[in-house]
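Me: Could you walk me through the charged side-chain pairs in this protein? I'd like short answers I can follow on the screen.

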Amino acid sequence: TDFDSKKKRKVAEIYQALNSDPIDVAALRRMAISEGGLLTDEIRCKVWPKLLSVNTEDLPPLPAGKELREDNKDYQQVLLDVRRSLRRFPPGMPDDQREGLQEELIDIILHVLKRNPQLHYYQGYHDIVVTFLLVVGDRLATALVEKLSTHHLRDFMDPTMDNTKHILNYLMPIIDQVNPEVHDFMQSAEVGTIFALSWLITWFGHVLSDFRHVVRLYDFFLACHPLMPIYFAAVIVLYREQEVLDCECDMASVHHLLSQIPQDLPYETLISRAGDLFVQFPPSELAREAAQQQAERTAASTFKDFELASVQQRPDTVLRQRFRERLRGEERTKSILTKPRTNRFVKLAVMGLTVALGAAALAVVKSALEWAPKFELQIFP
């Protein structure tokens, strides 16, 4: 069939990139992002280390579990979380095999934490680690997770939640760029962004029941900028536009709706959309709005809020709101008309990608520099 021949072709291209000298990491990124991702776990074992620039030649031996567990401040919490992680293992896996993997999972987590005292364990971390363990086995998983924890996941592993909250603050500005109506509805409902917290900090591993979908997303996230999961979260909300707008406009109802993630999402379409949005509205452009959200939360007495409160006591608020939306619509149309679409094609072509692929290594590197001084660039070969 057509699908099979496409798949065969892709496998051949992946191996070609792996075997070229030097390894063509940009091509591997494209393969990981494009339709179907990396296709098999066998390929993931070879490509994931390249995406994280982890040298598989000299993996450190794993320490014995016993010495890791003695006097480890996180041991009890990790143990609890791992014991609760039953549903993250393939259904039908024999108990003793699963229990063995759970022991390995505990050891990997404690090992990474012990070697990196600056990292703090958080609930949900094990959801990421188990994904790597199931795909690549314990030794390689340890090396990949350690690299990931000091890079992509670094902000979640701070002593406080401040940076994680800051990343969540990107969600609403992205939604606002694409669909002001959904954005304003969510703002009116005061739903906030906590519904997406577990999505973000587990890379959706905790909320998706089908393991194939989880690893497909990991292919995508590993090939992209660390903020890509928040773009993907935005795309899920936007995809559910109708359900959101049909919902009661109050915090409890909207939060309940959004935190129940549908399992039958059109993943490939959403991945492609998230990539496109990243290219159209890179984090550097959204940073100001995200920071503003933070400021508004921390300084409720700002003049803007005060002004808004007084406006809302007037009957013409609704009209002003409508007028604002119409203006926005006109501006949108104007900007679409005045900015020829070729801009984006050129942008993407420069990055050596077709439009469907969305996110690109070039944007990734550039915005990684912009988005956090402590983000080290060695992750991009």
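Me: How far apart, N to O, are the side chains of Arg44 and Asp41 in their salt bridge?
Reply: Happy to help; bear in mind that this is a predicted model. Arg44 and Asp41 both sit in helix 3 (residues 41–51), three residues apart, so about one helical turn separates them. Their side chains meet in a salt bridge, with an N to O distance of 2.9 Å.

Me: Is Arg44 buried or exposed?
Reply: The cut-off for buried is under 20% relative accessible area. Its partner Asp41 has 31% and is therefore partly exposed. Arg44 has a relative accessibility of 5%, so this residue counts as buried.

Me: Which residue is linked with Asp41 and Arg44 in a network of salt bridges?
Reply: The pair of Arg44 and Asp41 is joined by a salt bridge. Both belong to a network of salt bridges, and the other residue linked there is Asp219.

Me: In the salt bridge of Lys73 and Asp74, what is the N to O distance?
Reply: Lys73 is exposed, at 69% relative accessible area. Asp74, at 14%, is buried. The two side chains meet in a salt bridge, N to O, at 3.2 Å.

Me: Which residue forms a salt bridge with Glu243?
Reply: Glu243 is partly exposed, with 38% relative accessibility. The partner is buried, at 5%. The closest N and O atoms of the two are 3.0 Å apart, and that partner is Arg240.

Me: How many salt bridges does a search of the whole structure find?
Reply: Those discussed here include Arg44 with Asp41 and Lys73 with Asp74. Searching the whole structure gives a total of 15.

Technical notes
Residues are numbered from 1 along each chain as its sequence is written. This is a predicted model: local features need pLDDT of at least 70, side-chain atom pairs count only at pLDDT 80 or more; totals for chains, interfaces and linings use all residues. Side-chain values use heavy atoms; hydrogens and water are left out. A salt bridge is a side-chain nitrogen of Lys or Arg within 4 Å of a carboxyl oxygen of Asp or Glu. Helices (H or I, at least four residues) and strands (E, at least two) are DSSP runs, numbered from the N terminus. Buried means under 20% relative accessible area, exposed over 50%, partly exposed in between (1.4 Å probe, protein chains only).
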